[in-house]
Amino acid sequence: MRRYFGRKLLVYGLTFFVAVTINWMVPRFMPGDPVSSMVARTGASNPAAAETMRVYYTGLFGLDQPIWQQYFNFWATLFQGDFGISIWAFPTPVSEIILGAVPYTLALMIPAILLSWVVGNWFGAYAARRKALDNAVLPIGYILTAMPYMWLAVLLAWGLGVVAGLFPVAGGYSFSTRPNWSWDFFLDLLHHWTLPFASLFLAALGGWAIGMRNMIIYELESDYSNYLSALGAPQRLIRRYAFRNAVLPQITGLALQLGVLVAGALVTEIVFSYPGLGSLILKAIQNQDFFLLQGTFLFIVLGVLIANFIIDIVYVVVDPRTRAGMAGAQA
Amino acid sequence: MSLRVSDLKVYYKTLKGQVKALDGVSFEVGDREILGLAGESGCGKTTLGKSLIRMDGRMRHIGGTVELDGEEMPIGDDRRMNAFRFHEVSLIPQYSMSALNPTRKIGKMVAELLHSRGVALDAGKLRGRLDAVGLPHEVLDRYPIELSGGMKQRVVMVVSTLLDPSLLIADEITSALDVSTQKAVAGALAAFRDDGLVKSMIFVTHDLSLTYQIADTIMVMYAGKLAEKAPAKEIVEAPRHPYTRLLINSLPEVGVRYADRKLTGIAGSPPSLLNPPKGCRFRDRCPLAFAQCEQEPPVVEVAPNHSVACWKA
């Protein structure tokens, strides 16, 4: 057990190192210079003043140092919990901006992913081998999966937001209110949350339902199901066993989904102008904000790794065969 | 008489038409009798075994009846058949290695299975049965993956016979085992009968020599029909049907060197059962075939308990 998790942790550590290094490199490969655009934004017409500002900012962000020095500085500050200062929202620290956006993204993605997973699995399992339902679930599932989620988002925003006027189509909360701990504000949040959530939920639902349906049919055809049927076990018991075994690959799928948690919401957040991490990434790229981009990517990497680690643990709990694997056996 | 099968016809429904896998088979199995069911692949022996407990989705009960202990079994009716399964008829399947749910501990699975059939688990009886096949009680706390193939096989044997069924069908259960384990499994099956756990047994196999060791009677099938049925000794020592003879001749004999004589198989392969030929189905491969074989030979009792379906027998 300890060796298993030790090995896992080592792999996660290596992955973290490589991923963060790449995250540091990617913005620096982008064409353009963030400091000059920053200076241009201030509208300083005097060349001498502009030059002074350029030197000041370059020194402030440490961009005057050799590239390898910048890399080591990056790791050093990272371990002090310092993500740097945002260029786009200067002089707000990156960590503050990200912490403001993370709750929105998590509140959107976690319920969407988990609920679509639970409902999709349940529905797919229920529909498998039940003719009339199956004939309905399969095509609807295919349509939902084939539908690009941002297109679904646009459809919902247009249909339920613009035409029917039931839901707001932009923002995390009404522009007329300020975030506060009141019941009204919470309802307002929920109101704005519904459409982005629904679009993500629906787009993911079909895939889970189809996957589960196919897995259940496979399991119901397996030898242990046949044996139980031959001994006259009721369908209820056989289906329960089948579900339990069919859900294992679905858990792996869930881990992958949780991994793309933030990236998945990117376009949805843009469609609904939702103030989450996805919108931040877009702004960071548009403004060549190295530090903000690094910071958000770091969050994504951490999210992927934590999600995968949790799934590893869940797997050990639900599948006895993994436990055999830990003793060194080959699956 | 424990089991009485009369003119049983079971066809497979396929896109090309009906495959007549079991085409009018009649036989009986007496109390405390082990019937060995032999024949090459595709002769209908597995279809017969399945028909007696649970048909798969493509099988259709076309005609004939099956009586177990004087009661007719509704073999074509999946729902009504449930009352008989496990209690009256049980199965040790071909796929014992994968017959147990991989994510349930064996003891828990057995408890859940019994509970679902409305039977209280008798822990003492279960342990006794494990002892009888030489399994430690700890297997109940293990997952199937933690057992060897032979152990899984024995677990399945114990589970299948737990409710003391009247008829036990053992379908090719030794195919995946090595020779010494085969012998042990065959011995355990004979012990089930001797100890009265099961009243009668059908032992399906393509291995005539193993059948000979445990069966009282051997029935040889060919292309969905009965070819010959006789007491085990008689069928091995004095076979009447040309197919049985060829089948037995193709087995190596102990103590005989095959330097000068090559072991021969039976030339050709069984006919397609989609549109089986009229008359004797073995005609095309039979060295003795003559004009009369164009007509189907009836099953005739040529000696006490010895039935053959051949004009030349």
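In this predicted model, a good place to start is helix α9 of chain B: the cover over its buried residues includes α7 (208-214), β9 (217-222), β10 (225-231) and α8 (232-237) of chain B. The helix itself runs over residues 242-249, and P242(B), Y243(B), T244(B), L247(B) and I248(B) are its buried residues. From there, here's the rest of chain B, plus a look at chain A.

**Chain B: fold and packing**
- Chain B has 9 helices and 12 strands.
- UniProt, in an unreviewed entry, lists residues 3-248 of chain B as "domain: ABC transporter".
- That 3-248 span is 33% helix and 28% strand, and its end C-alpha atoms sit 27 Å apart.
- The radius of gyration of chain B is 20 Å, which agrees with the value near 20 Å for a compact globule of 313 residues.
- Along the principal axes, the C-alpha atoms of chain B take up a box of roughly 65 × 50 × 40 Å.
- Half the chain is tucked away, with 50% of the 313 residues counting as buried.
- Among contacts in chain B with a separation of 6 or more, 64% link residues 24 or more positions apart.

**Chain B: surface and charge**
- About 14,100 Å² of chain B is exposed, and carbon and sulfur atoms supply 49% of that.
- Chain B carries 40 positive and 37 negative side chains, with the centres of the two sets 5 Å apart.

**Chain A: annotated spans**
- The unreviewed UniProt entry puts "transmembrane region" on residues 9-26, 104-128, 149-170, 190-210, 246-272 and 292-318 of chain A.
- Residues 104-128 of chain A are 96% helix and 0% strand, with end C-alpha atoms 36 Å apart.
- Residues 292-318 of chain A are 100% helix and 0% strand, and their end C-alpha atoms lie 39 Å apart.

Notes:
Residues are numbered from 1 along each chain as its sequence is written. Chains are lettered from A and ligands numbered from 1 in the order in which they are written. This is a predicted model: local features need pLDDT of at least 70, side-chain atom pairs count only at pLDDT 80 or more; totals for chains, interfaces and linings use all residues. Side-chain values use heavy atoms; hydrogens and water are left out. UniProt positions are given in the numbering used here, feature names are shortened, and annotations may be inferred rather than shown by experiment. Helices (H or I, at least four residues) and strands (E, at least two) are DSSP runs, numbered from the N terminus. Buried means under 20% relative accessible area, exposed over 50%, partly exposed in between (1.4 Å probe, protein chains only). Contact means heavy atoms within 4.5 Å. The radius of gyration is taken over C-alpha atoms; the globule rule is 2.2 Å times the number of residues to the power 0.38. Accessible areas come from the Shrake-Rupley method with a 1.4 Å probe; for residues, only the protein chains shown count as cover. Lys and Arg count as positive and Asp and Glu as negative; His and the chain ends are not counted. The place of a charge is taken as NZ of Lys, CZ of Arg, CG of Asp or CD of Glu.
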